[in-house]
Amino acid sequence: MADAPQTPDKRQKVAVIGGGVGAMTAAFELTEQPGWQDRYEITVYQLGWRLGGKGASGRNHDKGDRIEEHGLHLWFGYYENAFNVIQRVYAALDRKPGTPLSTWRDAFKPHDLFVLMQFYKAQWAQWRLSPPHMPGVPGDGSVPPFWHAVDRLLELLHIHTIALPGEIHDAARSRLGCMGMVLRPVEALGVHLIKDAEAIDFQTIRSAVQRLGETPDDDAAHGLMHDALARLERYVEQIGGAIKARLDAMIENDIEAVPFLRRALSLIELGYYMLKGIIVDDVARKGFDQLDHLDLREWLASHGAQSGALDSDTLRVAYESIFAFSRGSYQRPDLAAGTGLRGLLRLSGTYKEAFAWKMQAGMGDTIFGPFYEVLAARGVNFQFFSPLRKIVPSADGKTIERLEIGRQATVKGGASYQPLYDVKGLPCWPSEPFYDQLDQGEALKQQPLGLESYWTVWKDVGSTTLQRGVDFDIVVLGTSIGPIPTFGQDMLNQKPALQTMVDKVERIGTQAFQIWTRPDDKSLRHAHDGEQVQKAGVQPVYGGFAQPHNTVADMSHLIDRENWPADKQPGAIYYFCGPLALKDPLPPRDDFFHPVFQDAAANVRASEWMRSNIQFLLPGTMFAGYPESFPDTLNFRILYDTDENRIPAVAHFDQQFWRANVDPSELYVLSCKGTTQYRLHSADTGYDNMVMAGDWTRTGLNYGCVEAAVMSGMEASRAISGAPKMIFGENFPLP
């Protein structure tokens, strides 16, 4: 790739198609190389008016400059490459101290409270988790080795096992009303469980794991580990029976149906069978991909896991967090075993400092604004309103010869489009183009579908054909995988491997909505009788909640980043998201009603979801039924609206924000069983002058997340320039 033909000035012209995380990372890494200006001339061609792809966000200037996202975005503490890149971006940005988001630590804050929701007896129980802080800083340049991650899994399993008797005792006293003669058997059970836990000798198996970290071929350590594993398996099999035998007679229902007992048992079982499978299948030497022909639940079951682990809320949330449902259907959970296992082990065993991090503004403001400012200052040329319409390969299939680029709008006076504006001192992307900069601005204002829609009725006002050797030498295909058939069918016809990847790597829609409320979060957590629901002092993220919007986050920390009247600010902000089932095939481009219907349906689903479910999280959203025998009703007037007296009350919901992510470029990439083998590395396009960048390529993570997209962008840069040489964790579990 580095020897691709050069234009006469001896610099290679790089055409970056798309503005998502993968594309921006590739451009950034190319410009990180000393003397890059003498080697490359980089131009980014971007649909519409903003960067971001599936991570784009915009500010709605007419509604308090509020942040409007594609969905909920968190960064996890194991995102080593993503944090490494963004730290370098902020260092290059070099904002003045005291200005908004002047450093990466201003832009990201550790998040410590997660709530797993459990449905029991037509009610939701909450399981609050606060993962401990761990050594290191994400992005500091290393991934904890495989056996270190396994050791951390064992440590967490050990802590949970030792703590279990006390948890059962406390729960029996406070939740089951157990007193006197009932507590005595519970205390006896605690002594029994502690004795058994000590007999397992976790330290023996942890010592063996630690020895293997130093010497992977230590046969004696392998023997010790297998012996300890057998003792642990017997304990896991006995623990449920011991609890049931001693407590079932005292509890009206099946012990496994009691939420706190079910989760306590299931977490031990899930952790154990993950550990057993890792050891039995020799994942340390054979890798994770060997397991990807199975679904994660199938793989766990093959090692003896029963319903306690397979139906655990923890595992359910693992699927839901990456929308792991084929065709978007909850009846079809599908997550490749190796990919899912690697993700869980990285998530729990290799994070640094904090388990997760919340951005302190919109993703556009926090990530893509800085990317744009740094790259533009370095001399990268950005061509907005420039969608890729067609890729034309050479007849012999060796190179990409032409790129046909549309022109959606032209800037007045031939000037460069200025995409950002100031919101309380922070450069931000608007939720719509700056129409006053565009020759077609007034006409664009009247369009029912925006420029980012595949089904937009707006026609290009012009086009440009880019020719290899004249306008470009190298192509970085940084779009999502979804739209590739719409512009690259000639390429797919030539390259069966590309066609197979497009066919086999599944994509689904997602849906999301955001609400702003008048009362603050504390008020909304008040039950009707005035009892205060426990609050831990930080804004939680909820997982495993009611479908389809199973993930919910309190994002009230963003109020100060928005621009509401000082005397009339919202009290709280919440984000909701989940998968969306779509029918195949993709509707034709002239089916203008498809996105309109999907948008309307998303509105209805979101408002009905609120009616049915929001009271379980926020009791203060309800008002008592009238007459008293009627059920409580959702009070839509708690929603923030500039018109406090809007009628009917449900119309307040129409002032919130929702979206159905149905465009080909917005579809979420799944990691279904049997598909990993079809993913290609960034450079494996079959063309001498094209690389790919996105979370749909083969990266060492192989599922849809920011970290995978960054790794892909780094790999694209390496294929072009030879740098960066190190991509952290790309071969995990190997060093």
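This short talk is about one helix, α1, and the two helices it packs against in the structure above.

Before we turn to the helix, please keep in mind that what you see is a predicted model, and that the residues are numbered from 1 along the chain. The chain has 735 residues, of which buried residues make up 59%, and it is built with 21 helices and 25 strands. If we take the contacts between residues at least 6 apart in sequence, 73% of them join residues at least 24 apart. On the outside, the chain exposes about 29,000 Å², and carbon and sulfur atoms supply 52% of that area.

Now to α1 itself, which covers residues 21-31. Is this helix enclosed by the rest of the structure or not enclosed? Eleven of its eleven residues are buried, so α1 is largely enclosed by the rest of the structure. The buried residues include Val-21 and Thr-31, and also Phe-28 and the charged residue Glu-29.

When we look at how two helices pack, we describe them by the angle between their axes and by the distance between those axes. With that in mind, let us take the partners of α1 in turn.

The partner I will take to begin with is helix α2, residues 80-93, which packs with α1 at an angle of about 60°, the axes being 11 Å apart. Angles from 35 up to 65 degrees fall among those called oblique, and α1 and α2 are therefore oblique to each other. The crossing of α1 past α2 is left-handed. On the α1 side the contact is made by Thr-25, Phe-28 and Glu-29, while α2 brings Val-85, Arg-88 and Val-89. Sorted by class, this contact has three nonpolar, one polar and two charged residues.

The other partner is helix α21, residues 706-721, where the angle with α1 is about 40° and the axes lie 7 Å apart. That angle makes α1 oblique to α21 as well, but here α1 passes its partner in a right-handed crossing. From α1, the contact is made by Val-21, Gly-22, Thr-25, Ala-26, Glu-29 and Leu-30, and from α21 the residues include Val-706, Ala-709, Gly-713, Met-714 and Ile-720. By class, the contact of α1 with α21 has nine nonpolar, five polar and one charged residues.

To finish, notice that Thr-25 and Glu-29 of α1 take part in the contact with α2 and also in the contact with α21.

Notes:
This is a predicted model: local features need pLDDT of at least 70, side-chain atom pairs count only at pLDDT 80 or more; totals for chains, interfaces and linings use all residues. Side-chain values use heavy atoms; hydrogens and water are left out. Axes are lines fitted to C-alpha atoms, for helices over the stretch in contact, and angles run from 0 to 180 degrees between N-to-C directions. Helices (H or I, at least four residues) and strands (E, at least two) are DSSP runs, numbered from the N terminus. Angles under 35 degrees count as roughly parallel, over 145 as roughly antiparallel, 65 to 115 as roughly perpendicular and the rest as oblique. A crossing is left-handed if the near helix is turned anticlockwise from the far one by less than a right angle, and right-handed if clockwise. Contact means heavy atoms within 4.5 Å. Buried means under 20% relative accessible area, exposed over 50%, partly exposed in between (1.4 Å probe, protein chains only). Accessible areas come from the Shrake-Rupley method with a 1.4 Å probe; for residues, only the protein chains shown count as cover.
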